[in-house]
Amino acid sequence: MIRSVLGGLLGGLALFITGFLFWGTPLSALAISRADEQASANLQAALAQALNATGTGVYTIPDPSSAQGTILYGRGPVAQVFYNSGGFPVMDGGSLIGGLILSLLVGLLIGLALRFCLPDFISRVRAAIFLSLAAVLWIDIGQAVFMHAPWGYILYLAFSDFVGLALAGLIAAKLMETKTASATGEAGTLH
């Protein structure tokens with residue numbers, strides 16, 4: 001059990017590092033579109049003017065809940081805006097600590113699921129790969145399918161999530177494997 005917990009925690013750490021490599025380095029420029037400084041300032045001012053009264057939230061613009069909004073939505077342009085009425089640092093230490101805790105928890109859950117549900121290393125590896133793929137297809141690719149999110153961003157997001165989740169599962173599976181278990185093929189035991 002200790003090897004499973006350790007494997008899950010190290011897998012979670014790998015998940016965190018993978019996320020940082022994809023999103024905390026210049027690699028993220030592959031996924032993010034940029035507006036020039038003046039356009040950014042204009043958009044920020046317009047957002048503050050239009051949305052500060054209702055506050056932080058996720059906004060579909062234009063709002064298709066009325067007849068006029070539906071017409072405007074059909075004409076485009078449209079946006080889904082994750083809006084935060086207050087600012088925060090680009091490299092927010094609080095979110096990094098929270099993200100590390102979250103990734104460790106996710107890695108631990110992956111490790112425990114692999115240990116309690118699958119009897120051997122090969123089964124755990126297959127499950128880690130296929131479940132990671134299923135998760136990113138539904139959660140990430142689904143955003144492009146259902147919400148018409150930009151494919152370039154979504155594919156980058158899906159790839160980064162797949163690599164992180166699969167790596168977490170592979171590390172957990174490898175670290176919970178024992179020399180005895182690998183030599184005997186673990187004969188279907190779950191202890």
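1. A quick word on terms before anything else: a residue is called buried when its relative accessible area is under 20%, exposed when that value is over 50%, and partly exposed in between. By that yardstick, buried residues account for 27% of the 191 residues in the protein chain. Keep in mind that this is a predicted model.

2. Overall layout. The protein chain has 7 helices and 2 strands, and along the sequence they run α-α-β-α-β-α-α-α-α. The C-alpha atoms take up a box of roughly 65 × 35 × 30 Å along the principal axes. For the radius of gyration, a compact globule of 191 residues would come out near 16 Å, but this chain has 21 Å.

3. Contacts and surface. Take the contacts in the protein chain with a separation of 6 or more: 73% of them are between residues 24 or more positions apart. The accessible surface adds up to about 12200 Å², and carbon and sulfur atoms own 71% of that.

4. The main core. Nine residues is the size to remember here: the largest nonpolar core has 9 residues, namely L15, I110, L114, L118, A127, A168, A172, A173 and M176. Helices α4 (93–117) and α6 (151–176) each put in at least two of them, and α6 gives the most, with 4 residues. For a look at one member, try A168: leaving out residues up to four places away in sequence, A168 touches G11, G12, L15 and I110. Apart from this core there is another one, of 6 residues, including V136, I141, A144 and A149.

5. L165, also in α6. L165 lies in helix α6, and leaving aside neighbours within four places in sequence, L165 is in contact with L15, V106, I110, S132, A135 and V136. Two of those partners, L15 and I110, are listed in the largest nonpolar core, and V136 is listed in the other one. So why isn't L165 itself called buried or exposed? Its relative accessibility is 21%, so L165 counts as partly exposed, given that buried means under 20%. If you want a long-range pair to check on screen, L165 and A14 are 151 residues apart along the chain, yet their C-alpha atoms are separated by 8.8 Å.

6. The greasy surface. A nonpolar patch on the surface is formed by L6, L10, L13, I17, F20, L21, V90, M91 and L96, with about 820 Å² of accessible area together. Which helix supplies the largest share of the nonpolar patch? That would be α1, with 6 residues.

7. L21 as an example from the patch. L21 sits in helix α1 (residues 2–23). At 45% relative accessibility, L21 counts as partly exposed, because the exposed class starts over 50%. Here is another pair to click on: L21 and I141 are 120 residues apart along the chain, and their C-alpha atoms are separated by 21 Å.

8. The salt bridge. The structure holds 1 salt bridge. The side chains of E177 and K174 meet there, at 3.2 Å from N to O. What about the accessibility of each partner, buried or partly exposed? E177 is buried, with a relative accessible area of 13%, whereas K174 is partly exposed at 48%.

Notes. Residues are numbered from 1 along each chain as its sequence is written. This is a predicted model: local features need pLDDT of at least 70, side-chain atom pairs count only at pLDDT 80 or more; totals for chains, interfaces and linings use all residues. Side-chain values use heavy atoms; hydrogens and water are left out. A nonpolar core is a set of buried Ala, Val, Leu, Ile, Met, Phe, Trp, Tyr and Cys residues joined through side-chain atoms within 4.5 Å. Buried means under 20% relative accessible area, exposed over 50%, partly exposed in between (1.4 Å probe, protein chains only). Contact means heavy atoms within 4.5 Å. Patches are made of residues with over 30% relative accessible area and no salt bridge: like charges are joined within 9 Å, nonpolar side chains (Val, Leu, Ile, Met, Phe, Trp, Tyr) within 5 Å. Accessible areas come from the Shrake-Rupley method with a 1.4 Å probe; for residues, only the protein chains shown count as cover. A salt bridge is a side-chain nitrogen of Lys or Arg within 4 Å of a carboxyl oxygen of Asp or Glu. The radius of gyration is taken over C-alpha atoms; the globule rule is 2.2 Å times the number of residues to the power 0.38.
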